[in-house]
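Please look through the structure below with some patience, keeping the sequence at hand as you read. The paragraphs that follow it move from aromatic rings to cysteines, and then on to a pocket and a helix.

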Amino acid sequence: MLGNKLFENRKNDNVVTSGFRLEHDSLGAREISDDAYYGVQTQRAMDNFAISGVHLHNFEHMVEALAMVKKAAALANQELGRIDQAKMEAITQACDEILDGKLHDQFTVDMFQGGAGTSTNMNANEVIANRGLEIMGHNKGEYQYLHPNDHVNCSQSTNDAYPTAIKLAVLLSRKNLVLALKELRDALERKGNEFKDVLKMGRTENQDAVPMTLGQEFSAYAVMIDSAISSITQAADAFNDVNMGATAIGTGINSPPGYASLVVEKLTQVSGFQLRKAKNLVEATQNAGIFVHMSANLKLAAVQISKICNDLRWLSSGPRCGLNEINLPPMQPGSSIMPGKVNPVIPELMNQICYQVMGYDTVVSMAAEASELELCMGEPIIAYDLLHGMMILKNGCITLVARCINGIEANRDICRHYVQTSIGLVTALVPVIGYEQSAAIAKEALKTGKSVYHLVLEKKLLTRDELDDMLRPECMTDPRTITGRKDWC
């Protein structure tokens, strides 16, 4: 979880180092810890962007995606003669180690950064170069043998490597999110089946409407989640279009002929995704529209999940002075002052997660709109909001299923009592006793406080057996042809 990772960030701030090496860039020289695989440009980014405390390594899929991009580039560059076999092997081995989960702690730049992702790209270039140097038998920082820019970043720019990595990270995150959403959908479907015989009152605008079953209510929730899964899956297809080979602005400057197509082919092999070279690399380098599309679909899922959680809180309200139609599993004491109070903490948690995802959608839209001329400078915040939004939505769904949905119980007697006493019941009787008599009974019930059920019996409009037969779930919740009393169900 992100909270644990943040704790690890703070804990690692006091790591003791064994010595230093001197590295330089165009701004001058800096001392870098000998224990660090990152280099001078990463160090400057750490100094410049100490903002959120959320570092790149908190998003393992982004780190993995960067390693995939660098490995594919090295394979393509070696095949086209831009780097030699030894350098390619060192780079790809370092990337494979990162894909195996090693060196993730060396991806130290803050997710919030200026430079359109340059610091993230250089963090990856430096870590891979320094690990590659060790593989080749050299020391960290001996860049004359393997250079972060000349070799690891060969035929690339931040402006194609970084957005491609974001897309891969989203595709990787989508897999886990969709699995969590499917678990939520399936859990709701199971409850729909479990509660299919529980008759209750449906409500519109928080007022009594007409009878339904609790199973129908939960089955509808399952369909909502299924539609969210479909929307996210469809939106993800566009993420297979990548702008690798675009280099700085889409013209492919500093890359050899054939590189763009070849590197996408290699990246397809490395990642396992069916990637495609974007139709127009200039457009793909500046247009962040697909991020907006995915964010909008995450928001759609959040809206639907939050609506369901609102309903769970309403349906479980009480227990004595609310609806109390369902019981949520108790997770913790609900008050520091009120004994016996238990709150719907898991739906409340999920509501807040969904609000955050909805807010992220606004930020992603603004950052994409801020793309000016040939580059979107706001891609770092887009990456953070998309990846963090997918992470918390996934974790929230898993928690909602395990600590709430699976343990929900129906208060069957209370649900049926509401049907028998509700004014809304009279609507279901209109086809049998007529509108005028139904309206008169509703008016009398409101005036006297008597139930519709007992007024119908009192006026001998129906027998108890007939009325009870009408109240069977299969008679109350589906369309039917009625020509007389006996044809009710």
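In this predicted model, Y360 has a relative accessible area of 9%, and because anything under 20% is classed as buried, Y360 belongs to the buried residues. Y384 is likewise counted as buried, with a relative accessibility of 8%.

The search for aromatic pairs across the whole structure gives 6 of them. One of these joins F218 and Y221, whose ring centres lie 5.5 Å apart with 70° between the planes, an edge-to-face arrangement. Both F218 and Y221 are buried, and because they stand 3 residues apart in helix 8, which covers residues 214–236, about one helical turn separates them. The rings of Y360 and Y384 also make an edge-to-face pair, because their planes meet at 75°, while their centres are 6.1 Å apart. Since Y360 belongs to helix 12 (residues 345–369) and Y384 to helix 13 (residues 379–403), this pair ties together parts of the chain that are 24 residues apart in sequence. Y360 and Y384 are joined by F59 and F112 in one aromatic cluster. Another ring, that of Y37, has K140 lying over its face, at 4.5 Å from the ring centre.

How many disulfides does the model contain? The count comes to 0, and two cysteines can illustrate this result. For C95, the nearest cysteine sulfur belongs to C154 and is 14 Å away, and C95 is in no disulfide. The sulfur of C397 has its closest cysteine sulfur in C354, at 7.4 Å, which is too far for a bond, because a disulfide requires the two sulfur atoms to be within 2.5 Å. Both residues are hidden from the surface by the accessibility criterion, for C95 counts as buried at 0% relative accessibility, and C397 is buried with a relative accessible area of 0%.

We can turn next to empty space. The second largest pocket has a volume of about 410 Å³. It is lined by 17 residues, of which S316, G318, P319, V342 and N343 are the closest to its centre. By character, the lining of the second largest pocket consists of 8 nonpolar, 7 polar and 2 charged residues.

Finally, is L446 buried or exposed? With a relative accessibility of 63%, L446 counts as exposed, because the exposed class begins over 50%. L446 is part of helix 16, which spans residues 435–448, and its C-alpha atom is separated by 7.6 Å from that of I423, although L446 and I423 are 23 residues apart along the chain.

Notes
Residues are numbered from 1 along each chain as its sequence is written. This is a predicted model: local features need pLDDT of at least 70, side-chain atom pairs count only at pLDDT 80 or more; totals for chains, interfaces and linings use all residues. Side-chain values use heavy atoms; hydrogens and water are left out. On a 1 Å grid over the protein atoms alone, a cavity is a set of points where a 1.4 Å probe fits but cannot get out, and a pocket is an open set with protein on both sides within 12 Å along at least five of seven lines; lining residues have an atom within 4 Å of a point. Grid points are joined across faces, edges and corners, and a volume is the space filled by probe spheres set on the points. Ala, Val, Leu, Ile, Met, Phe, Trp, Tyr, Cys and Pro count as nonpolar, Asp, Glu, Lys and Arg as charged, and the others, Gly among them, as polar. Helices (H or I, at least four residues) and strands (E, at least two) are DSSP runs, numbered from the N terminus. Buried means under 20% relative accessible area, exposed over 50%, partly exposed in between (1.4 Å probe, protein chains only). Rings of Phe, Tyr and Trp (its six-membered ring) pair if their centres lie within 6.5 Å; planes under 30 degrees apart count as stacked, over 60 as edge-to-face and the rest as tilted. A charge sits over a ring if NZ of Lys or CZ of Arg is within 6 Å of the ring centre and within 35 degrees of the ring normal.
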